[in-house]
Amino acid sequence: MKEDNCLHAALICLGMLYYSHAITTEKLNHARPSLHGHHEKGKEGQVLHRSKRGWVWNQFFVIEEYTGPDPVLVGRLHSDIDSGDGNIKYILSGEGAGIIFVIDDKSGNIHATKTLDREERAQYTLTAQAVDRNTNRPLEPPSEFIVKVQDINDNPPEFLHENYHANVPERSNVGTSVIQVTASDADDPTYGNSAKLVYSILEGQPYFSVEAQTGIIRTALPNMDREAKEEYHVVIQAKDMGGHMGGLSGTTKVTITLTDVNDNPPKFPQSVYQMSVSEAAVPGEEVGRVKAKDPDIGENGLVAYSIIDGDGMDMFEITTDYETQEGVVKLKKLLDFETKKSYSLKVEAANVHIDPKFISNGPFKDTVTVKISVEDADEPPVFLKPSYIFEIQENAASGTVVGKVHAKDPDAANSAIRYSIDRHTDLERYFIINAEDGNIKTIKALDREEIAWHNISVFAVEVHKQHQEAKVPVAIKVVDVNDNAPKFAAAYEAFVCENARSNQQFITISADDRDDSANGPRFIFSLPPEIIHNPNFTLRDNRDNTASVLVRREGFSRQKQDLYLLPIVISDGGLPPMSSTNTLTIRVCGCDSNGSMVSCNAEAYTLNAGLSTGALVAILACIVILLVIVVLFVTLKRQKKEPLIVFEEEDVRENIITYDDEGGGEEDTEAFDIATLQNPDGINGFIPRKDIKPEYQYMPRPGLRPAPNSVDVDDFINTRIQEADNDPTAPPYDSIQIYGYEGRGSVAGSLSSLESATTDSDLDYDYLQNWGPRFKKLADLYGSKDTFDDDS
């Protein structure tokens, strides 16, 4: 088989090569235009000249998967101007040029150097050009052509899925579509039969068939029964080459499941069911179960049960348990063995969902007889009611009858009954019951506001059979009596602004009453008669169980009174009504312009407006920090204080003071007023410090203030020195004060250096000794100089 396939493939390849070569030659012959240009008639007789082209190629073909020893010849490029002398050079460019396709630049032959796969790439676009071999000058315009990869059958069909799953209803007609499987072939569908697929079934006959062209699987047998066989495995084959010999193929598996239809009615496995029930059974208790079998599944197998006949239709009922598909027979009413000892029921089981297609198969239901026998039992006492509800007014006297319970023995013996209260349900012992007749009475007064309902249990026990007892719940409602006065719903504490306007509402109050709604709202609010004309506040009943308190006058003062107590009377709607007087505390507070409370403390009134407690604390903290800084600064200055004038001879180099103004001597008094040297603040006796704000003002001593227009410089300076020495607000450091005025009538004359060019003998500094200790250093400096000159 393999040798035949190889031979067949070789023959096909040789045929394709021959066919490709023939087509290529034919196309080349047809594509090559004439060397001679020709004229065409244009519009209005104009002669158009067509440009002459010596070569044009459309496309070449090369077969895929060629594995020969030599590169396969794709085609040959040739220009009409090529005379064969080798002066023309052929150049190839484009997709795959130089890698897949190479050209002989002399002959123009194009070869494919690699094996091509059409499924990877079907065609390549190349550009050919003929140029002069010596000058590389183009001899022909570039020509673009296509190399198409010719397909061979080298890809088998492949299905979209390896496994398919499908469903079809059981008992479907022959030819019913089940599923369509699809395969694909990577070969060229436009060339030959390499991609022409044919489907066939390998496994799954005779139940299913497949359409050869479409791959649609259909049923092939009628009345396939799911209950007999539910699942089928089918193998489908897809073969190319139109299904002929030599074609490639692929397979897939299809799992087909028959879905259920309701083609089977339910059936009881027996005709009669026997059951028994005790007469002591309570309604709702299960008596027994029946089951009809249905081989269908899902909703097709659902069965509903019903009682259609029998003397026990009123005493029993049947329900369906859909999990087990069983009919549950339950007791509907209490039984009495002494009255009736057995019952008979006719039960029907029917499908819930019926398929009209199979209605002819017969009725989809079945019936069975259920016989139930009643068993005698020693029954406990039975109360006439399942529960009791009684009412009694609160504050009723002790011994008041609440109500009566009654029980009896259902047995024929009819034993006597004794009653008792379950003390676990009446721990406070509010009630007592008469053991003989079942009358319930109170032991002490009841308060609805403490307990509105009392839920107790009463036992009934047979006198001769104390193990037979019954229990019944008794609910006792305490009826309300209006015995509680209304009061404020909350602990109200209101505030009113000092700048409150007249008739301004500042609080809304409501009330609460422990009594029932019948004895509570509606509430009525009012002021006591003695303060009905209160000058400060008034009350408005809103008639919705609330009241608004309003300001009667304008303006309040915390200094005069910061607290008001307003009594308010609240009455309820009970019969007879009850009332109480409640006191509303009202504080007078400072508010901003928007009416928002700022402060309600009386002492806060004396503080500056707008300063909160936090701001005051911050200011005090800043003051303390500044005081600490000042103390530290003074301490450091005392430890490191040095004289301003250094008396050592070698340090005088840095104590030279330069005056840039010579001054006019005594003549300056005519152009300058000595009063300008005076500090304007000093005239008033207060000299402020510029570094910190003084805590108190310094008052200069009397007699030290110079006359405002004094021109005595010596007195002026001495006055300033005394003020600085005695001023506690002066800076804690020495300062130099410069006065740009010499004064009139100076004994020393001018200190200017402009006239120092004269002889030194004109200068006499002996008077400096008389100026006092403040000028001692200056006198020593100049005196020593004079002594030195005399010695020389």
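Begin by selecting Cys589 and Cys600 in this predicted model, where a disulfide joins the two residues with a sulfur-to-sulfur distance of 1.6 Å. If you look along the S-S bond of Cys589 and Cys600, the torsion is about 95°, so this disulfide is right-handed. The pair links distant parts of the chain, since Cys589 sits in strand β42 while Cys600 belongs to the loop between β43 (597-599) and α2 (613-639), and the two are 11 residues apart. Turn on a surface and check both ends of this link: Cys589 is buried, and Cys600 is buried as well.

Stay with strand β42, but now select Cys591 together with Cys497. These two cysteines are also joined by a disulfide, with S to S at 2.0 Å. Here the angle about the S-S bond is -85°, which goes with a left-handed link between Cys497 and Cys591. This pair, too, connects distant parts of the chain, for Cys497 lies in strand β36 (residues 493-497) and Cys591 in strand β42 (residues 579-591), with the two positions 94 residues apart in the numbering.

Are Cys497 and Cys591 buried or exposed? Cys497 has a relative accessible area of 8% and is therefore buried, and Cys591, with a relative accessible area of 18%, is buried because its value falls under the 20% cut-off.

With both links displayed, step back to see how they are arranged along the chain. The count of disulfides comes to 2, and when the bonded cysteines of the protein are numbered in sequence order, the pairing reads 1-3, 2-4.

Next, select Cys622 and compare its setting with the cut-offs for burial. Its relative accessibility is 46%, so Cys622 counts as partly exposed, a class that lies between the buried limit of 20% and the exposed limit of 50%.

For the last stop, move to Asp132, which you will find in strand β8 (residues 123-132). Which side chain of opposite charge is nearest to Asp132? That side chain is Arg137, 4.8 Å away, and Asp132 is buried yet has no salt bridge. The distance to Arg137 does not qualify because a salt bridge requires the side-chain nitrogen and the carboxyl oxygen to be within 4 Å. Draw a distance instead from the side chain of Asp132 to the backbone nitrogen of Thr135, which it reaches at 3.0 Å. To complete the surroundings, display Asn87, Arg137 and Leu139, which Asp132 touches when residues up to four places away in sequence are not counted.

How values were computed. Residues numbered from 1 in each chain as written. Predicted model: local features only at pLDDT ≥ 70, side-chain atom pairs only at ≥ 80, totals over all residues. Heavy atoms only, no water. Helix = DSSP H or I, 4+ residues; strand = E, 2+ residues; numbered from the N terminus. Buried < 20%, exposed > 50% of the residue type's maximum accessible area, 1.4 Å probe, protein only. Lys, Arg positive; Asp, Glu negative; His and termini not counted. Polar contact = N/O pair within 3.5 Å; in protein donor to acceptor, adjacent residues only side chain to side chain. Contact = heavy atoms within 4.5 Å. Disulfide = S-S within 2.5 Å.
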